[in-house]
Amino acid sequence: KILIIGAAGQLGSELTRSLADQFGGEQVIATDLRDSARVAFDYCRFEVLDAMNKEALRDLVKEEHVTQIYHLAAVLSATGEKNPLFAWHLNMESLLYVLELAKDLKLDKIYWPSSIAVFGPNTPKVNTPQFCVKEPNTVYGISKQAGERWCEYYFQKYGVDVRSLRYPGLIGYKSLPGGGTTDYAVDIYHKALAGEKFTCFLRENSYLPMMYMPDAIKATLDLMNAPRESVKIRSSYNLSGMSFSPKEIYESIKKHVPNFQIDYDPDFRQAIADSWPDSIDDSRAREDWGWRPDYDLDAMTADILKNLPNFFPLKK
Ligand code: VAH
């Protein structure tokens, strides 16, 4: 059975569906902190689970004969800066519980998401390489870098088959903007469709690596379904879809919504964005397990503008 921790989050709500499609809903146990999330999981089992409750996690894994865990629960970059020690504690302790469990119970595979947030101000900004200086200056980035070290340690020392991707900013239409620095690129579509002006919390020329959610899901399943020996990087793979600035995504939307207006009012998240790369070299993911993105900015914009109104019916 497949257990997803944090299934109600931005990535989890879409990845859980794809895992149920691949393995069958009866093989998937979606868990999240909030019982209110249950309604979204009518196609698989749902259980309330606090990622910090290691006893409850162990009991669930043993009782249900779980063989794979997708550990998606984490505090994201912007929210993390408001509560650093809580973010560190949740992001790190919960990962260690999962890795220990995988070692003790010899679980088949573990998935844990990393992020371009592992890179810092002195990382090469353009075509950031797989191996380079990483001095993240956000708690989220520090926890992702430390998490990558622990994943590689548990693989090398105990043979735990844990796999990871350094996601760029993920953009989808099936969840509302969250505590991420890249979530301006989710919110902008909602504002465009609501006929409202969009105030962006980043500067117009803030280039960031981004990815449309269907590509992120494809990359995750491709990595997890790859033969063990082809997964040569056990920290976390660089992954790239596209790079764009707020100005560029605005222009892309404007082709469909001609009178859409934007203005820029950078806040504390600008410093976070400035510490991250502009673009990512994901050649190792392409070489090792055949990664290829499908979506560019205009294809993503067309797909979101078409589908978002059905998912979040516009307030009349
Ligand atoms: C965040 N969406 O903004 C996440 C992601 C690269 C950004 O890790 O925190």
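Okay, quick definition before anything else: buried here means under 20% relative accessible area. Keep that in mind, and remember we're looking at a predicted model.

So let's start with strand β2, residues 28–32. Five of its five residues are buried, so to speak mostly covered by this cut-off. And that goes for both faces: V28, A30 and D32 point one way, I29 and T31 point the other way, and all are buried.

Who sits beside β2? On one hand there's strand β1, residues 2–5, pairing with β2 in the parallel sense over four bridges; I4, for instance, has A30 as its bridge partner. Then there's strand β3, residues 45–48, also parallel to β2 and joined to it by four bridges, with E47 as the partner of T31. Helix α1, residues 10–23, completes a right-handed β-α-β unit with β1 and β2.

Next, the other sheet I wanted to show. It's an open one with three strands, in the order β9-β11-β13, and the pairing is mixed. β9 (169–171) and β13 (242–244) are at the edges with a single partner strand each, so one side of each has no neighbour in the sheet. On average, neighbouring strands are turned by 45 degrees against each other, direction ignored. β9 and β11 (residues 208–212) run parallel, with three bridges between them, and I171 pairs with Y212 there. Helix α6, residues 184–193, packs on this sheet and touches β9, β11 and β13, its direction making about 25 degrees with that of β9.

Last bit, cysteines. The disulfide count is zero. Take C132: the closest cysteine sulfur, in C151, is 18 Å away, so that's too far for a bond. C200, meanwhile, counts as buried, at 0% relative accessibility.

Conventions. Residues numbered from 1 in each chain as written. Predicted model: local features only at pLDDT ≥ 70, side-chain atom pairs only at ≥ 80, totals over all residues. Heavy atoms only, no water. Pairing = 2+ DSSP bridges. Helix = DSSP H or I, 4+ residues; strand = E, 2+ residues; numbered from the N terminus. Axes fitted to C-alpha atoms, helices over the stretch in contact; angles between N-to-C directions. Contact = heavy atoms within 4.5 Å. Disulfide = S-S within 2.5 Å. Buried < 20%, exposed > 50% of the residue type's maximum accessible area, 1.4 Å probe, protein only. Right-handed = clockwise from strand over helix to strand, strands pointing away.
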